[in-house]
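Please open the model in your viewer and keep the sequence beside it, since this tour moves from one selection to the next and says what is there at each stop.

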Amino acid sequence: MPPKPLDYVSINENVKKAQYAVRGELYLRASELQKEGKKIIFTNVGNPHALGQKPLTFPRQVVALCQAPFLLDDPNVGLLFPADAIARAKQYFSVTSGGLGAYSDSRGLPGVRQEVAEFIQRRDGYPSDPELIYLTDGASKAVMQILNTIIRGPEDGILVPVPQYPLYSATIALLGGTLVGYYLEETANWGLDTKELRRSVEQARYKGINVKAMVIINPGNPTGQCLSQENLREVLQFCYEENLVLLGDEVYQTNIYQDERPFISSKKVLMDMGPPISKEQQLVCFHSVSKGYFGECGQRGGYFEMTNIPPETVDEIYKVASISLSPNVPAQIFMGLMVNPPKPGDISYDQFVRESKGILESLRRRARIMTDGFNSCRNVVCNFTEGAMYSFPQIKLPPRAIEAAKQARKAPDVYYCLKLLEATGISTVPGSGFGQKDGYFHLRTTILPLEEEMPAIMESFKNFNDEFMEQYEDNRGYSRL
């Protein structure tokens with residue numbers, strides 16, 4: 001009897017190839033342990049509210065009123081909601097075609113796209129066209145939509161940093177393209193070297209791969225580095241010379257924990273460079289409500305902005321967006337509120353600043369606690385988390401631990417992370433899920449656990465790690481670097 005269409009042997013081979021380590025073996029095992037009653041600390045995914053971050057008051061007030069517009073007609077609404085939240089809810093409700101339950105334009109609500117354009121112009125000092133901004137169900141859908149437009153088949157390559165966020169490797173595999181990795185330099189705080197970019201592109205072209213795009217994640221995920229203005233200029237010049245579209249994943253742009261390298265957008269640097277490159281270099285940038293001090297992951301709100309993309313291609317992107325009819329409308333309101341928050345003088349301004357500033361200051365302290373904690377551990381070394389939401393320590397596994405992993409038929413870092421999970425309940429992601437140089441092992445953890453819980457979590461990690469190293473090291477010890 002022939003296999004049925006959805007039997008495993010019959011399904012799309014690209015679906016089988018796509019791997020997403022953030023919700024992979026470690027996460028599944030953690031979920032099993034949780035069902036068995038073990039306390040699990042899910043640091044495997046950048047999910048702020050799940051780890052205790054409180055929602056900002058003003059955005060939730062506005063969206064609550066939009067979701068229940070009958071409250072706006074209640075004479076007592078002013079007793080529960082501030083006047084500026086009521087005014088914003090009325091404004092957003094007026095630009096929908098029937099409230100939050102109605103489809104919007106496939107590109108998103110024009111009023112919100114205008115707010116995004118004004119935000120970009122304030123941030124960068126250059127005009128932004130709302131017709132070239134598309135609102136999406138999270139930045140992930142935006143990335144998938146653009147990669148789907150670029151990739152025609154296995155001969156098309158996408159230049160992606162290693163380590164990388166597995167959204168890229170999974171989507172490229174799903175679309176049948178080829179991932180072309182370029183290594184970030186761990187000893188230079190995960191720096192980006194254009195010599196490595198050229199090596200990677202030349203090697204790919206030698207194999208017959210047509211490299212079409214380059215991805216940067218700034219600030220970095222999982223590596224937490226922030227790209228300097230000079231580094232961004234080098235990247236843009238490289239893409240211009242090599243005829244690559246640059247895809248700028250900038251979802252962590254407000255998550256900055258040091259003052260030496262503030263976030264600078266790819267678009268601003270491109271415009272600063274002037275003609276001809278500013279008029280010709282193709283660029284697509286992504287942002288999201290899931291990160292920063294909003295942390296509204298479950299709302300699924302994102303956008304992408306296109307620069308120097310031909311009108312015919314924009315029309316095709318619009319056509320494909322129309323297949324899904326509309327991005328989710330409540331998330332579009334969250335996006336509008338993120339890019340256009342309360343202003344000085346507004347009733348909710350002081351509370352909004354207090355809440356958002358408190359979150360970012362706490363994250364800065366947590367980044368330091370986690371980095372210092374990892375660096376106090378035996379055979380562990382970790383660069384400081386300059387931005388984003390993650391630490392990515394290197395774990396120097398002794399040969400006996402590597403052999404034990406081999407016997408267990410596990411990758412060495414998977415073996416280590418599983419042991420960590422079983423012993424402590426800390427759910428992380430092995431570095432192999434993001435890519436790493438041969439012979440090197442890492443794990444990724446978020447810096448999102450509540451600040452008051454962080455010392456105990458790091459102590460638990462240290463106790464496990466040092467006992468693990470004691471168990472697997474021989475009497476000669478094992479060097480840290």
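## Salt bridges

Counted over this predicted model, the salt bridges come to 26. Begin by selecting R107 and E131, whose side chains meet in a salt bridge with N and O at 2.9 Å. R107 belongs to the loop between helix 5 (83–95) and helix 6 (110–124), whereas E131 sits in the loop between helix 6 and strand 2 (133–136), so the pair ties together parts that are 24 residues apart in sequence. Is R107 buried or exposed? With a relative accessibility of 14%, R107 counts as buried, because buried means under 20%, while E131, at 41%, counts as partly exposed.

Next, select E196 and R199, which form a salt bridge with their closest N and O atoms 2.7 Å apart. Both residues belong to helix 9 (residues 194–206), and, being three residues apart there, they are separated by about one helical turn. R199 is partly exposed at 33% relative accessibility, whereas E196 is buried at 15%.

Then move to D259 and R364, where the closest N and O atoms of the salt bridge are 3.2 Å apart. D259 is in the loop between strand 6 (245–249) and helix 11 (266–273), and R364 is in helix 15 (residues 349–375), so this pair ties together parts that are 105 residues apart in sequence. D259 is exposed, with a relative accessible area of 61%, and R364 is partly exposed at 31%. Before leaving this topic, add D105 and R113 to a selection of R107 and E131, because salt bridges that share partners join these four residues into one network.

## Strand 3 and its partners

Now select strand 3 (residues 156–162), and ask how many of its seven residues are buried. Seven of the seven are, so strand 3 is largely enclosed by the rest of the structure. In a regular strand, side chains alternate between the two faces of the sheet. For strand 3 both faces are covered, with D156, I158, V160 and V162 buried on one side and G157, L159 and P161 buried on the other.

Add strand 5 (residues 210–217), which runs parallel to strand 3 and is joined to it by four bridges, and look for G157, which stands opposite V211 in strand 5. Strand 4 (residues 178–183) also pairs with strand 3 in the parallel sense, here over six bridges, and in strand 4 the residue opposite G157 is T178. If you follow the chain from strand 3 to strand 4, the path goes through helix 8 (residues 166–174), and this β-α-β crossover is right-handed.

## An open sheet of three strands

Turn next to strands 10, 13 and 14, which form an open sheet in the order 10-14-13 with antiparallel pairing. Strand 10 (390–391) and strand 13 (429–430) stand at the edges, each with a single partner strand, so one side of each is left without a neighbour in the sheet. Strand 10 and strand 14 (residues 443–446) are antiparallel and are joined by two bridges, and if you select S391 you can look for its bridge partner T445 in strand 14.

## The nonpolar cores

Select L247 and Y416, which touch the most other members among the 108 residues of the largest nonpolar core. Helix 18 (residues 454–472) gives the most to this core, contributing eight residues. Around L247, and leaving aside its neighbours within four places in sequence, the contacts are I146, L147, I150, A213, M214, V215, I216, V284 and F286. A second, separate core holds 32 residues, including V201, A204, M271 and F434.

## A last stop at Q281

Finally, select Q281, found in the loop between helix 12 (277–280) and strand 7 (283–288). At 3% relative accessibility, Q281 counts as buried. Which residues does Q281 touch, not counting those up to four places away in sequence? They are L236, C239, Y240, L244, V245, L246, L270, T307 and N308. Two of these can be looked at in detail, as the side chain of Q281 reaches the backbone nitrogen of Y240 at 3.0 Å and the backbone oxygen of L244 at 2.7 Å. To end the tour, draw a line from Q281 to A401, which lies 120 residues away in sequence and 48 Å away in space, C-alpha to C-alpha.

Key:
Residues are numbered from 1 along each chain as its sequence is written. This is a predicted model: local features need pLDDT of at least 70, side-chain atom pairs count only at pLDDT 80 or more; totals for chains, interfaces and linings use all residues. Side-chain values use heavy atoms; hydrogens and water are left out. A nonpolar core is a set of buried Ala, Val, Leu, Ile, Met, Phe, Trp, Tyr and Cys residues joined through side-chain atoms within 4.5 Å. Buried means under 20% relative accessible area, exposed over 50%, partly exposed in between (1.4 Å probe, protein chains only). Contact means heavy atoms within 4.5 Å. Two strands pair if DSSP finds at least two bridges between them. A crossover is right-handed if, with the strands pointing away from the viewer, the path from the first strand over the helix to the second runs clockwise. A polar contact is a pair of N or O atoms within 3.5 Å; within protein, one must be able to donate a hydrogen and the other to accept it, and residues adjacent in sequence count only if both atoms are side-chain atoms.
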